[in-house]
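Subject: Structure for you to look at

Hello,

I am passing on a structure that you have not worked with before. Please open it first and then read the notes below, which go through it topic by topic.

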Amino acid sequence: MNKTIRHASVFALLLVLALLVRATWVQFHDSKALADEKLNRRNAIKQYAHPLGDIIVGGEAITGSERTTGGDLAYKRTYKNGALYSPVTGYSSQVYGATQLEGIYKDLLDGTDNRLKNPLDTVTNKRADPGDVVTTIDPAVQKAGYKALGDTKGAAVAVDPRTGKILGMVSTPSYDPSKISGSTDSEAWQALTSDKQKPMVNRAMRQPLPPGSTFKLVVAAAALEDGLYSSVDVRTDSPKPYTLPGTVTVLKNENESAPCENATIRTGLQYSCNNVFAKMAVDLGQGKVKAMAEKLGFNADKLDVPVRAGKSVYPSGMDKAQTALSGIGQFDVTATPLQMSMVSAAIASGGELAAPHMVSQITDSDGNVLEKYGDGNRQRVMSESTAEGLQSAMQTVVEKGTGSNARISGATVGGKTGTAQHGENNSKTPYAWFTSYAKGADGKQVAVAVMIESSSAARDEVSGNGLAAPIAKAMMAAALKN
């Protein structure tokens, strides 16, 4: 054979072998990745070929499916009271994918979850009827929070302290996921994603902000657990005025006439004395405050409810002045409303923190339970005596202090207000916070945290008691009533 022909033949054979190897690689190794590619139109056609399963609140479906006309996508997702429940459901869009519960349980809701298939379906590869997601959300609590938040920009979370069940998760301004569920909703999508108010952000669990004085509960818990102070009624070493260590900056109190000099923890919480808890954080040291904060959920990289929450942060590497500011929930301390509801829940439950969650079970189309999610795993984060002392002090805040707007007739209510600086040199409207718990005579309990990012109130009217406490009260009252 001619040498040139022989070389050409070998080269052609190598090319054929390379093509065979590549084809085999794509078919057996890359096939799943290609099948799961979000731009693969076949996935959307398959997903929306049939009605989707539903997300359930209070025994009723808050989602549905609607037959489309024209196109190759037979059904699209619909929502009942979409704006009310969007922080829970997320959205399922023919174009833009799915988020939150819609995204996490996509396979269950579209019928491709293998747990839905019977033996014959497995053999024939038939698509099973879709399943449902049953949430822990209490519709009365959700509606109360949404109504109370109204036109403000903010969020609220209500949790059962004993079980960790999330009873309400509200974020405003909100949006209706139905408006972006189809294939011709690009204008609505553009309007939502470009809106400066960011209605698609779940502020309840995905937007950590400075928690202000609500963080004083964490510092107080650390001080009691460490033995720095033996009870909430022991006088502290808290000079007034208090100068931040290593600086000439005097830390002011909101109410300069309040009895904050060497005040007890109870009085310090009642009047929200900055000097008390800034000095307390310095005396403890950032390591001990951080340890307590982390027991309560701060700095957790993964907090899944099952939607992943944004990380709440207690920083490291601070000097003493920064540590003092961290003691009043400033400097680089950040928290979500979900996180601050966990703080109150741990105190209300006697020092045990139940893992928060908002799905109770998933079922097949006949209602048979595929997986049941029990009460959240409980971990002791502080002693019972510390929790009881803080409960008592928080009750004083509501009965005699800065949290009076959270009082509920016939219920025991404890709370803590917070007003956090916003912008350079506090140039922007502060954030208003309130974290609380309530216990009814029948044994029912609820913990709530509310954050107001901005409202129509004048700057000098922004306070946790004025803006956030009434919202917490509405949600707590609804939870105790049901």
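Helix α8 covers residues 139–149, and its buried residues are V141, Q142, A144, G145 and L149. Viewed down the helix axis, these buried residues fall within an arc of 165 degrees, so they line one face of α8. In general, residues three or four places apart in an α-helix point the same way, because there are 3.6 residues a turn. Please keep in mind that this is a predicted model.

What lies over that face? The cover on the buried residues of α8 includes two helices, α4 (82–89) and α18 (464–481), along with the strands β8 (153–159), β9 (166–172) and β18 (445–454).

Both ends of the helix have something to look at. At the start of α8, D138 places a side-chain oxygen within 2.9 Å of the backbone nitrogen of A140. After α8 comes G150, which has a positive phi, near 55 degrees.

Salt bridges

The whole structure contains 18 salt bridges. Three pairs and one network are described here.

The first pair to look up is D110 and K106, whose side chains meet in a salt bridge with an N to O distance of 3.5 Å. Both belong to helix α6 (residues 106–110), where being 4 residues apart separates them by about one helical turn. D110 is buried, at 5% relative accessible area, whereas K106 counts as partly exposed at 31%.

Another salt bridge joins R162 to D160, with 3.3 Å between the closest N and O atoms. Here R162 is partly exposed, with a relative accessibility of 36%, and D160 is buried, with a relative accessible area of 10%.

R380 and E352 also pair up, and their side chains meet in a salt bridge at 3.5 Å, N to O. R380 is in strand β15 (residues 378–380) and E352 is in strand β12 (residues 352–354), so this salt bridge ties together parts that are 28 residues apart in sequence. R380 is partly exposed, at 46% relative accessible area. E352 also counts as partly exposed, at 24% relative accessibility.

Apart from these pairs, there is a network of salt bridges that links D54, R77 and E102.

The disulfide

How many disulfides does a search of the whole structure find? The search finds 1. In general terms, a disulfide is a covalent bond between the sulfur atoms of two cysteines. In this model the disulfide is formed by C260 and C273, and their sulfur atoms are 2.0 Å apart. The link is left-handed, with -75 degrees about the S-S bond.

Where do the two cysteines sit in the chain? C260 is in the loop between β11 (250–251) and α12 (265–270), and C273 is in the loop between α12 and α13 (274–284), so the disulfide ties together parts that are 13 residues apart in sequence. Are these cysteines buried or exposed? C260 is buried, with a relative accessible area of 0%. C273 is buried as well, and its relative accessible area is also 0%.

If you want a place to begin in the viewer, take α8 with its buried residues V141, Q142, A144, G145 and L149, and then go to the disulfide of C260 and C273.

Regards

How values were computed: Residues numbered from 1 in each chain as written. Predicted model: local features only at pLDDT ≥ 70, side-chain atom pairs only at ≥ 80, totals over all residues. Heavy atoms only, no water. Buried < 20%, exposed > 50% of the residue type's maximum accessible area, 1.4 Å probe, protein only. Arc of directions from axis to C-beta. Contact = heavy atoms within 4.5 Å. Polar contact = N/O pair within 3.5 Å; in protein donor to acceptor, adjacent residues only side chain to side chain. Salt bridge = Lys/Arg side-chain N within 4 Å of Asp/Glu carboxyl O. Disulfide = S-S within 2.5 Å.
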